[in-house]
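User: Hi! I'm new to reading protein models and I'd like to learn how to go through one step by step. Could you walk me through this one?

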Amino acid sequence: MEKSVFVKFVSEPKNDSLKSIVGLACAAQAINDGNNVSIFFAASGTRLLDPQYIEELGIEFPMITQIMDTIASKATLYCSFASVKAVLGHSEGDGALFVSDDKIEWSGPPGVIALATSSDVQLTY
């Protein structure tokens, strides 16, 4: 039975890259299992949308690019514009993220609450 899975990334991946890898892998597994997956990148978790960081992470964890491709193509992605600006220094429309801007729903706390209260499963990394 398909579940609604909400995955939220808020932690700084540079502080614990393995935790971020586990979260991304769980999100990709939920997708591959046929679930409806929504992912929200906020605060320092937006670093996971930085293509340069993903490339660096791929040196130690080669599977990360495939995982991110699965997520980018099959999950519904949400992101905090303010967090992207604060953490990465990019603005909406810069085209500087791993995922194109038109594939991201820009939101904030109201989006997080709506996703959390409407999902069957919540995971936070």
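Analyst: Let's go through the sheet, then the helices, then a few single residues. Keep in mind that this is a predicted model.

User: Okay, starting with the sheet: how many strands form it, and in what order?

Analyst: For a sheet, you list the strands in the order they sit side by side. Here five strands make an open sheet, ordered β4-β3-β2-β1-β5, with parallel pairing. From one strand to the next, the twist averages 20°.

User: Which strands stand at the edges?

Analyst: Look for strands with a single partner. Those are β4 (104–107) and β5 (121–124), so each has one side left without a neighbour in the sheet.

User: What about β1, is it enclosed or open to the outside?

Analyst: To judge that, count its buried residues. In β1, five of the six residues are buried, so this strand is largely enclosed by the rest of the structure. Strand β1 covers residues 4–9 and pairs with β5 in the parallel sense over four bridges. On to its pairing with β2: those two strands also run parallel, joined by six bridges.

User: Which residues are the bridge partners of V5?

Analyst: A residue in a strand can have a partner in each neighbouring strand, and V5 shows it nicely. V5 has V121 as its bridge partner in β5 and V37 as its bridge partner in β2. Next along β1, F6 is matched with Q122 in β5.

User: Do side chains in a strand follow any pattern?

Analyst: Yes, in a regular strand they alternate between the two faces of the sheet.

User: How does the chain get from β3 to β4?

Analyst: For a question like this, follow the backbone from strand to strand. The chain goes from β3 through α4 to β4, a β-α-β crossover that is right-handed. Those two strands pair in the parallel sense over four bridges, and one pair to find is Y78 with its partner E105 in β4. Helix α4 (residues 81–88) lies across β3 (76–80) and β4, at about 65° to β3. You can trace another right-handed β-α-β unit through β1, α1 and β2.

User: Which residues of helix α3 are buried?

Analyst: With a helix, check which residues are hidden and then what hides them. In α3 (residues 64–74), the buried ones are I64, I67, M68, T70, I71 and A72. Their cover includes α1 (17–32), β2 (36–41), α2 (51–60) and β3.

User: How many disulfides are there?

Analyst: Zero turn up in a search of the whole structure. If you want to look at cysteines anyway, C26 is partly exposed at 31% relative accessible area, while C79 is buried at 0%.

User: Now single residues. Where is P13, and is it buried or exposed?

Analyst: For one residue, ask where it sits, how hidden it is and what it touches. P13 is in the loop between β1 and α1, and it counts as buried, with 0% relative accessibility. Apart from neighbours within four places in sequence, P13 contacts S20, S44, R47, L48 and Y53.

User: Could you do the same with S80?

Analyst: Sure. S80 belongs to strand β3 and is buried, at 11% relative accessible area. Its side chain makes a polar contact with the side chain of S83, at 3.0 Å. Beyond residues up to four places away in sequence, S80 touches F40, F41, A42, T46, W106 and S107.

User: What is special about the phi of A43?

Analyst: Start with the general rule: most residues other than glycine have a negative phi. A43 is not a glycine, yet its phi is positive, about 50°. Look for A43 in the loop between β2 and α2, where it is partly exposed at 35% relative accessibility.

User: One more: what does the side chain of N35 reach?

Analyst: Here you check whether a side chain meets another side chain or the backbone. The side chain of N35 reaches the backbone nitrogen of K3, at 2.9 Å. N35 itself is in the loop between α1 and β2. Leaving aside neighbours within four places in sequence, N35 is in contact with M1, E2, K3, V5 and A30.

Definitions and conventions. Residues are numbered from 1 along each chain as its sequence is written. This is a predicted model: local features need pLDDT of at least 70, side-chain atom pairs count only at pLDDT 80 or more; totals for chains, interfaces and linings use all residues. Side-chain values use heavy atoms; hydrogens and water are left out. Two strands pair if DSSP finds at least two bridges between them. Axes are lines fitted to C-alpha atoms, for helices over the stretch in contact, and angles run from 0 to 180 degrees between N-to-C directions. Contact means heavy atoms within 4.5 Å. A crossover is right-handed if, with the strands pointing away from the viewer, the path from the first strand over the helix to the second runs clockwise. Buried means under 20% relative accessible area, exposed over 50%, partly exposed in between (1.4 Å probe, protein chains only). A disulfide is a pair of cysteine sulfur atoms within 2.5 Å. A polar contact is a pair of N or O atoms within 3.5 Å; within protein, one must be able to donate a hydrogen and the other to accept it, and residues adjacent in sequence count only if both atoms are side-chain atoms.
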